[in-house]
Amino acid sequence: MVMAVSFTRYGRLYYLDPGAHSPKVGDRVLVPTDGGPEVAECVWAPQWVSEEIGGLPVCEGPATDENVARDEANRRRRAEGRGIAKRLIRKHELPMKVIGVDYLDQENVFKIYFSAPQRVDFRALVRDLARNMKARVELRQIGPRDEARLQGGIGPCGRDLCCATFLKDFEPVSVRMAKEQDLPVNPLRIAGACGRLMCCLKYEHPLYQEFKAKAPRLGSKVETPEGDGTVVGYNVPGDRINVKVGSRRCSCPSASVCSPRQQHEERYGDDSEPGAG
């Protein structure tokens with residue numbers, strides 16, 4: 001049994017083991033965290049999944065009125081902390097942008113995440129923040145990708161950012177991946193909301209690598225069911241190869257071009273035999 005919760009509306013999903021509880025969509029539940037149980041909203045009711053999944057944190061049950069009141073108080077504290085941080089940053093004239101604020105009420109600690117074009121000396125700012133907030137303050141500088149993850153947004157595909165919804169870790173992405181997928185190497189076309197290469201370039205890259213490892217090179221001569229021709233392109237998602245036969249182009253299954261003739265006959269039948277359909 002697996003369920004999913006979110007700490008903010010349309011925010012990143014976290015998966016839990018429901019244990020003995022059966023919350024419905026929209027119910028407030030308690031989620032174990034490093035700073036103690038936190039209130040989250042159930043966005044995916046418990047249901048069976050076919051795969052065996054272990055190691056998930058266990059839901060601690062429905063949130064009480066006291067838990068909800070504590071969560072609302074922490075939200076107000078975070079909003080107050082954000083406002084104070086922005087005001088003092090302007091006062092100290094530092095090139096910093098506040099991205100997110102977290103508050104641990106049990107330890108009375110504010111964690112402020114910010115972005116900056118370079119390293120910033122914020123020692124005086126920390127002292128000023130601690131004095132105004134009456135709490136311990138930790139400042140953490142983050143990069144463009146973490147900034148997009150915390151802020152959220154809409155990607156070029158029109159969907160919520162992957163990093164803000166389901167991605168747990170950022171995997172390395174290179175321009176070579178775009179080239180191997182025949183995408184235009186244009187920063188405006190292959191960059192995400194963070195300004196870096198889109199994480200989704202990684203998703204289909206292994207498929208393209210596997211396809212091109214067995215496919216004939218562009219310009220090579222091949223035999224197809226339509227006749228002899230020259231390879232002029234690939235259709236990797238469709239598992240087909242574009243071939244120019246004479247003055248026309250055709251799209252052939254990759255097995256008819258890449259595989260031995262015997263394998264092609266086993267898969268598609270031998271059209272050369274009389275009576276073959």
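A residue counts as buried when its relative accessible area is under 20%. Keep that cut-off in mind for this tour of a predicted model.

**Stop 1: the cysteines**

Select Cys 250. Its relative accessible area is 12%, so Cys 250 is buried. Now select Cys 199. This residue has a relative accessibility of 18% and therefore counts as buried.

A disulfide is a covalent bond between the sulfur atoms of two cysteines. How many disulfides does a search of the whole structure find? The search finds 0. Stay on Cys 199 and add Cys 163 to the selection: the sulfur of Cys 163 is the nearest cysteine sulfur to Cys 199, 6.1 Å away, and Cys 199 is in no disulfide.

**Stop 2: strand S6 and its cover**

Select residues 109–115, which form strand S6. Is this strand mostly covered or mostly open? Of its 7 residues, 6 are buried, so S6 is mostly covered.

**Stop 3: the hairpin**

Add residues 97–104, strand S5. S5 and S6 run antiparallel and are paired over 7 bridges. To see one of the partnerships, pick Leu 104, whose bridge partner in S6 is Val 109. The two strands form a hairpin, with 4 residues between them. Within this turn, select Asn 108, which has a positive phi of about 55°.

**Stop 4: the other neighbour**

Select residues 136–141, strand S7. In which sense do S6 and S7 pair? They pair in the parallel sense, over 6 bridges. Phe 114 stands opposite Gln 141 in S7.

Finally, add residues 123–133, helix H2. Together, S6, H2 and S7 make a β-α-β unit, and the unit is right-handed.

Technical notes:
Residues numbered from 1 in each chain as written. Predicted model: local features only at pLDDT ≥ 70, side-chain atom pairs only at ≥ 80, totals over all residues. Heavy atoms only, no water. Disulfide = S-S within 2.5 Å. Buried < 20%, exposed > 50% of the residue type's maximum accessible area, 1.4 Å probe, protein only. Pairing = 2+ DSSP bridges. Right-handed = clockwise from strand over helix to strand, strands pointing away.
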